[in-house]
Amino acid sequence: IFFEPFNTAAVSTLERPLAQLYAVNSLNGLVIDIGKYRTDVTPVYECAVQHNCVDYVPVGLDDCERYLAQVFKGNELLIQALSPPEAPLNEDQLNDELLAIVRQLWRDGQIRLGEVEPGLEEEGVTNIAAVLVAGKEKSVIEANQKKKSKGATAAEQARAREIEALDLITVDYKEKQLTVGRERHRLLDPLFDPKLIIGMEGYEQKVWQGGNMVPLQDVCGQAVAKADLDARVSIWNAVLITGDCASAVKGELSLASTIIGIQC
């Protein structure tokens, strides 16, 4: 079929991690593939997949989406807009609506990994956002811009920085305007802290390597540590994040926004 009807000069069958590295012009690297239900970690050295080093985390995009939907339940302004007292939604309907908003946010590029500073109390920020905006987020943001003017006092500038830290955005959803803060950047938190999904649906069915809830960063280290000593530096030279939500990770953009190359 390839040689005669399509007049193809050559055909090669590659394993997916190797093909993904080729796509970003690399021959060595660590490929992290975030799937729907699990995340695979595959070291590649000198164009060869290191099968003895391959590992995984039984946490995927589905877990991350459902986790962020639970986080959004702490955003009082958002919940009031979706489920007003005059027309309240039941628990299942509310969960479905929140999941749809989460998917819209990351697909629209409104979620970024690494935007939340370590130690920041995100739940508190959500509550502050609900109090501050109260349906007037545009005026708050405009006031913030004015306070940045040359004549602003030190107290005004400090307050402006506090409002800016909320990272508020307004999104259109089903003919509604919804306001969310920087808690939206916590989408991929369960990959780095799997304990966040304890109690969520499907948690009991997950199979962990060695029975321990090992986070993604540790799994990556363990996978590379299984490689030969002289290969480890080359593998760490390129870390490639792939999957539908790869655009949420900061880095060098490649392959139609689905593959992100990060130089370490």
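## A tour from His185 to strand E5

Begin by selecting His185 together with Arg112, where the side chain of His185 reaches the backbone nitrogen of Arg112 at a distance of 3.1 Å. Bear in mind throughout that the model is predicted. If you colour the chain by secondary structure, you will find His185 in the loop that runs between strand E6, residues 176-180, and helix H8, residues 189-192. Switching to a surface view, you should see little of this residue, because His185 has a relative accessible area of 5% and is therefore buried.

Now zoom out and show the whole protein as a cartoon, in which 10 helices and 9 strands make up the secondary structure. The protein has 264 residues, and 42% of them count as buried. With a contact display switched on, and restricting attention to pairs with a separation of 6 or more, you are looking at a set in which 59% of the contacts join residues 24 or more positions apart. The accessible surface of the protein comes to about 14600 Å², and carbon and sulfur atoms account for 51% of that area.

For the next stop, go to Glu15, which is placed in the segment before helix H1, residues 16-23. Is Glu15 buried, partly exposed or exposed? Its relative accessibility is 40%, and because this value falls between the limits of 20% and 50%, Glu15 counts as partly exposed. Select Val49 and His51 as well, since Glu15 touches both of them when residues up to four places away in sequence are not counted. With His51 there is also a polar contact, made from side chain to side chain at 3.3 Å. A distance label drawn between the C-alpha atoms of Glu15 and Ala48 should read 9.3 Å, although 33 residues separate the two in sequence.

Finish at strand E5, residues 169-173, and display its side chains. In a regular strand, side chains alternate between the two faces of the sheet. Which residues of E5 lie on the covered face, and which on the uncovered one? Ile169, Val171 and Tyr173 form the covered face, whereas Thr170 and Asp172 form the uncovered one. Add strand E6 to the selection, and you can follow its antiparallel pairing with E5 over 5 bridges, with Val171 standing opposite Leu178 of E6. The two strands form a hairpin with 2 residues between them, and in that turn Lys174 has a positive phi of about 50°. From E6 you can continue along the chain into the loop before helix H8, where His185 lies, and so return to the starting point of the tour.

Definitions and conventions. Residues numbered from 1 in each chain as written. Predicted model: local features only at pLDDT ≥ 70, side-chain atom pairs only at ≥ 80, totals over all residues. Heavy atoms only, no water. Helix = DSSP H or I, 4+ residues; strand = E, 2+ residues; numbered from the N terminus. Buried < 20%, exposed > 50% of the residue type's maximum accessible area, 1.4 Å probe, protein only. Polar contact = N/O pair within 3.5 Å; in protein donor to acceptor, adjacent residues only side chain to side chain. Contact = heavy atoms within 4.5 Å. Areas by Shrake-Rupley, 256 points an atom, 1.4 Å probe, with all protein chains shown as cover. Pairing = 2+ DSSP bridges.
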